[in-house]
Amino acid sequence: MFLSFGACIALEMVLFVFANDSSQIDETTAILQKFKTLEKEVSMLKQRELKTSEEISMLKQRELKTLEEVSMLKQMLNSCQGAWNEFSKSNPGMRRGRLVPEGRQSQIAFHTHLTHNINNLGVHQAIEFDKVLLNEGNGYSVYTGHFVAPVSGLYVFAWTISSGDYTCIVYDVVKNNEILVHFISDAADHNDWAVSSGTAVTRMNSGDRVWIRVSDIHVPCSHTVYGAGLGTSSFAGYLLN
């Protein structure tokens with residue numbers, strides 16, 4: 001069957017229009033899909049923005065709560081400080097952070113050892129006895145080597161200082177920078193130990209300090225103290241009355 005020339009022209013025009021319409025449909029479909037994708041992305045961004053706003057709000061609430069807690073703690077601290085001040089005023093046994101329980105003023109005593117050797121001590125450097133065997137009344141400090149009297153009274157102090165193997169040390173027993181006694185442990189000229197011991201009795205006010213330090217007397221010494229424990233170098237004291 002053969003079509004006329006006119007029918008062929010008409011058929012071609014129909015096919016052209018159909019093909020052109022199909023291309024427009026595909027393009028329109030792609031654009032719609034792109035819009036849907038963008039709508040989803042916008043929706044997700046809005047959700048994230050909402051979530052971020054909620055998190056910011058929660059953080060602000062936490063910050064406000066923290067500030068309120070800090071304010072309460074400050075009030076509590078001020079209240080405690082006030083109560084502590086009142087307590088200190090009403091307890092004469094309290095001095096410089098040391099509390100002697102009521103009725104136990106006589107139970108003040110300390111006993112310490114040095115557990116290691118200390119070489120080349122400097123002039124006026126304190127010997128810090130690091131092993132505390134007894135510290136009734138909490139008067140002795142391992143960080144300074146000082147004994148601070150918790151209460152006023154008559155105190156007794158005793159010490160043993162050792163040096164050895166061609167070393168020596170010249171030292172003072174000091175109360176509030178006032179020298180009570182000078183001593184020397186001298187093994188500078190022999191390969192052996194030298195030991196010196198002593199006792200001092202002194203009246204102290206609450207807060208007075210006693211310690212042992214290297215002397216500034218000009219004697220050629222290495223200023224070495226031996227401390228093997230077991231009393232080789234020790235420092236002790238107690239309240240007599």
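A contact is a pair of residues with heavy atoms within 4.5 Å. In this predicted model, residues 24 or more positions apart account for 72% of the protein's contacts with a separation of 6 or more. The protein has 241 residues, and 32% of them count as buried. Its accessible surface comes to about 16000 Å². Carbon and sulfur atoms contribute 58% of that surface.

The secondary structure consists of 1 helix and 11 strands. Along the sequence, the helix precedes the strands, in the pattern α-β-β-β-β-β-β-β-β-β-β-β.

Five of the strands form an open sheet. Their order is β4-β3-β11-β6-β9, and the pairing is antiparallel. Strands β4 and β9 (193-204) stand at the edges. Each has a single partner strand, so one side of each is left without a neighbour in the sheet. Neighbouring strands of this sheet are turned by 5° against each other on average, direction ignored. Strands of a sheet pair through backbone hydrogen bonds, either parallel or antiparallel.

Strand β3 spans residues 109-113. In the sheet order it sits between β4 and β11. With β4 (residues 131-136), strand β3 shares 5 bridges, and the two run antiparallel. Within this pairing, Ala 109 has Glu 136 as its bridge partner. With β11 (residues 234-239), strand β3 is likewise joined by 5 bridges, again in antiparallel fashion. Here His 111 stands opposite Ala 236. Burial of β3 was assessed with a cut-off of under 20% relative accessible area. By this criterion, 4 of the 5 residues of β3 are buried, so the strand is largely enclosed by the rest of the structure. In a regular strand the side chains alternate between the two faces of the sheet.

Ser 233 lies in the loop between β10 (209-214) and β11. Its relative accessible area is 0%, so Ser 233 is buried. A polar atom of the Ser 233 side chain lies 2.5 Å from the backbone oxygen of Tyr 226. Neighbours within four places in sequence were set aside in listing the contacts of Ser 233. The remaining partners include Thr 112 and His 113, and both positions fall within the range of β3, residues 109-113. Leu 114 and Phe 129 are also in contact with Ser 233. Thr 160, Ile 161 and Ser 162 touch this residue too, as do Val 225 and Tyr 226.

Methods. Residues numbered from 1 in each chain as written. Predicted model: local features only at pLDDT ≥ 70, side-chain atom pairs only at ≥ 80, totals over all residues. Heavy atoms only, no water. Buried < 20%, exposed > 50% of the residue type's maximum accessible area, 1.4 Å probe, protein only. Pairing = 2+ DSSP bridges. Areas by Shrake-Rupley, 256 points an atom, 1.4 Å probe, with all protein chains shown as cover. Polar contact = N/O pair within 3.5 Å; in protein donor to acceptor, adjacent residues only side chain to side chain. Axes fitted to C-alpha atoms, helices over the stretch in contact; angles between N-to-C directions.
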